[in-house]
Amino acid sequence: MPPRRQAPRRPAQRPAPEPPTRGPVEVSITRVGGRGDGLAEWQGHRLYVPQTLVGDRLMVKFGAHRGDGWEGVPVSLLEEGKGRTDPACTHFGSCGGCVAQHMDDATYETWKLEALTTVLSRCGLLGDGVTLHPVARTPVGSRRRAVMNAVRRGNRVWLGFNEAHSHRLVDLSDCTVLAPKLLAVVAPLRDALAPLLADGQSIDVALTLLDDGVDLVLEGLSRPDLRTLEHLTDFAASQDLARLSWRAREGQPAEPIAFRRTGLLGFGAVSVSPAPGAFLQASKQGEQALVAATLAGVGEAEMIADLFAGSGTFTFPLATKAKVHAVEGDPTAYNSLMGGARQLGGKVTAEKRDLFRDPLTPYDLNRFQAVVFDPPRAGAQAQAAEIAASTVPAVVGVSCNPVSFARDAELLIQGGYRLTDIWPVDQFLWSAHMELVGWFRR
């Protein structure tokens, strides 16, 4: 008889470290970190204290262990630092989307810019000859895309964002950053989901404001039967949605439920129809700032490569001044690119290619006078190395992550490029995120 196989043992979990003391301690905030928490020290222990400012003196308790320190749970404020204002949103302090609504405008902008320059300076990217332009800030109520979570608890559906450092859900009733047309859908959608979700069931809800209306994707919902389809179709009509779709899980194509309009976005001189839930810049104003800096950065180039082109955010504005070869690996985004390219009679060519696994080589790149690359948050390490080995005169890097931007910029500089200009764009208002455009020249 063969020996019985034993189930593999799970590795023993390490017990959570014990805080150095249980009682409240007095601390002073010396600076605000890149994620928006005030930083303090107590007997050699670092504390991250939310919603605090430099100069705050307060009593805190040690909370959960976080990285190289501890969460500091405020108990009482003893002395207030400068730069505080009343938060704009009723959910501030619980919702994890905004971390800086307690800062006045001047304090906020200083903090945001310091967080960016700290990352770039650490890599030596802000030396002589580099111009750091003023931050382009987007207004309140301009966020045009958001992914929320919906969960049924008993007879009620909760719909909103998670708390900071937690999977607990904030049931959204207000949002200062979200476009009003998206916020208006939240309460009716909560009611519409109630008969569709079982107790404890959770789904993701992606809301996007397109030029011709709201695009809504329900992810994680069971395959809709006829009754559910009719229910959701009625909801789409009652809220005048442009499109409503569903998919079982992330990565799968969304299937239509109610396509009442095309779902259009204008880029440059063309309009494209992105796939339901497709990526686009978080705000129209932020997109305009990024596009303006990119157009200026390519100069008078007549042939431009747009890498990680998405649905054409930069491709089609660039096509107003030059011929553009757009490269994108995602099939649905590539289809949007092709739809826009057909409207321009040969000014734009499109290529479907995975630039992470198969980046364009110097042989591919050297025919262009400028290259634009706008990778996902992880950056474009492999492609940046190939650009660094090319002879392209002008390179424009667009990034939503200063850390990966700095890594890619170092590769370009090692290859002989100079970083000349940085354009910061703050389109994730009151969050720790900052986007930027960098110009590189041979």
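The following questions and answers walk through a predicted model, taking its sheets, helices and a few single residues in turn.

Student: Which strands stand at the edges of the open sheet of six strands?
Tutor: The six strands of this open sheet follow the order β1-β5-β6-β4-β3-β2, and their pairing is mixed. A strand at the edge has a single partner strand, so one side of it is left without a neighbour in the sheet. The strands to which this applies are β1 (25-28) and β2 (31-32).

Student: Which residue of β5 does Val27 stand opposite?
Tutor: The strands to look at are β1 and β5 (residues 57-66), which pair in the antiparallel sense over four bridges. Within β5, the residue opposite Val27 is Leu58.

Student: Which residue in the turn of the hairpin formed by β3 and β4 has a positive phi?
Tutor: Strand β3 (residues 38-42) and strand β4 (residues 45-49) run antiparallel and are joined by five bridges, with Trp42 standing opposite His45 in β4. The hairpin leaves two residues between the strands, and the one in the turn with a positive phi, of about 50 degrees, is Gln43.

Student: What is the bridge partner of Tyr48 in β6?
Tutor: Strand β4 is also joined to strand β6 (residues 69-79), this time by two bridges, and these two strands run parallel. In β6, the bridge partner of Tyr48 is Glu71.

Student: By how many degrees are neighbouring strands turned against each other, on average, in the open sheet of seven strands?
Tutor: This sheet has the order β11-β10-β9-β12-β13-β14-β15 with mixed pairing, and its edge strands, β11 (169-171) and β15 (255-259), each pair on one side only. If direction is ignored, the average turn between neighbouring strands of this sheet is 30 degrees.

Student: What angle does the direction of helix α2 make with that of β12?
Tutor: At one edge of the sheet, strand β10 (residues 156-162) runs antiparallel to β11 with three bridges between them, and Phe161 has Val170 as its bridge partner in β11. Helix α2 (residues 180-193) packs on the sheet and touches β9 (145-153), β10, β11, β12 (202-210) and β13 (213-219). The angle between the direction of α2 and that of β12 is about 150 degrees.

Student: At what angle to β15 does helix α3 run?
Tutor: Helix α3 (residues 226-238) lies across three strands, namely β13, β14 (243-247) and β15. Its angle to β15 is about 50 degrees.

Student: Within what arc do the buried residues of α4 fall, seen down its axis?
Tutor: Helix α4 (residues 284-297) has 14 residues that should span 20 Å, which agrees with the 20 Å between its end C-alpha atoms. Its buried residues are Gly286, Glu287, Leu290, Val291, Ala293, Thr294 and Gly297, and the elements that cover them include β16 (265-267), α5 (315-318) and β21 (370-373). An α-helix has 3.6 residues a turn, so residues three or four places apart point the same way. Seen down the axis, the buried residues of α4 line one face of the helix, because they fall within an arc of 165 degrees.

Student: Which residue just after α9 takes a positive phi?
Tutor: Helix α9 (residues 402-414) has 13 residues and reaches 18 Å from its first C-alpha to its last, close to the 18 Å expected. Among its buried residues are Phe405, Ala409 and Leu412, and what covers the buried residues includes α1 (105-122), α8 and β24. Just after this helix, the residue with a positive phi, of about 110 degrees, is Gly416.

Student: How many disulfides does the structure hold?
Tutor: A disulfide requires two cysteine sulfur atoms within 2.5 Å. For Cys89, the nearest cysteine sulfur, that of Cys175, is 5.9 Å away, while the sulfur of Cys95 is 6.4 Å from the closest one, in Cys98, and therefore too far for a bond. Cys89 is buried, with a relative accessible area of 12%, and Cys95 also counts as buried, at 14%. The number of disulfides in the structure is zero.

Student: Is Ser390 buried or exposed?
Tutor: Ser390 lies in the loop between α8 (381-388) and β22, where it touches Pro362, Leu365, Asn366, Tyr417 and Arg442, not counting residues up to four places away in sequence. Residues under 20% relative accessible area count as buried, and because Ser390 has a relative accessibility of 2%, it counts as buried.

Terms used
Residues numbered from 1 in each chain as written. Predicted model: local features only at pLDDT ≥ 70, side-chain atom pairs only at ≥ 80, totals over all residues. Heavy atoms only, no water. Pairing = 2+ DSSP bridges. Buried < 20%, exposed > 50% of the residue type's maximum accessible area, 1.4 Å probe, protein only. Expected span 1.5 Å × (residues − 1). Arc of directions from axis to C-beta. Contact = heavy atoms within 4.5 Å. Axes fitted to C-alpha atoms, helices over the stretch in contact; angles between N-to-C directions.
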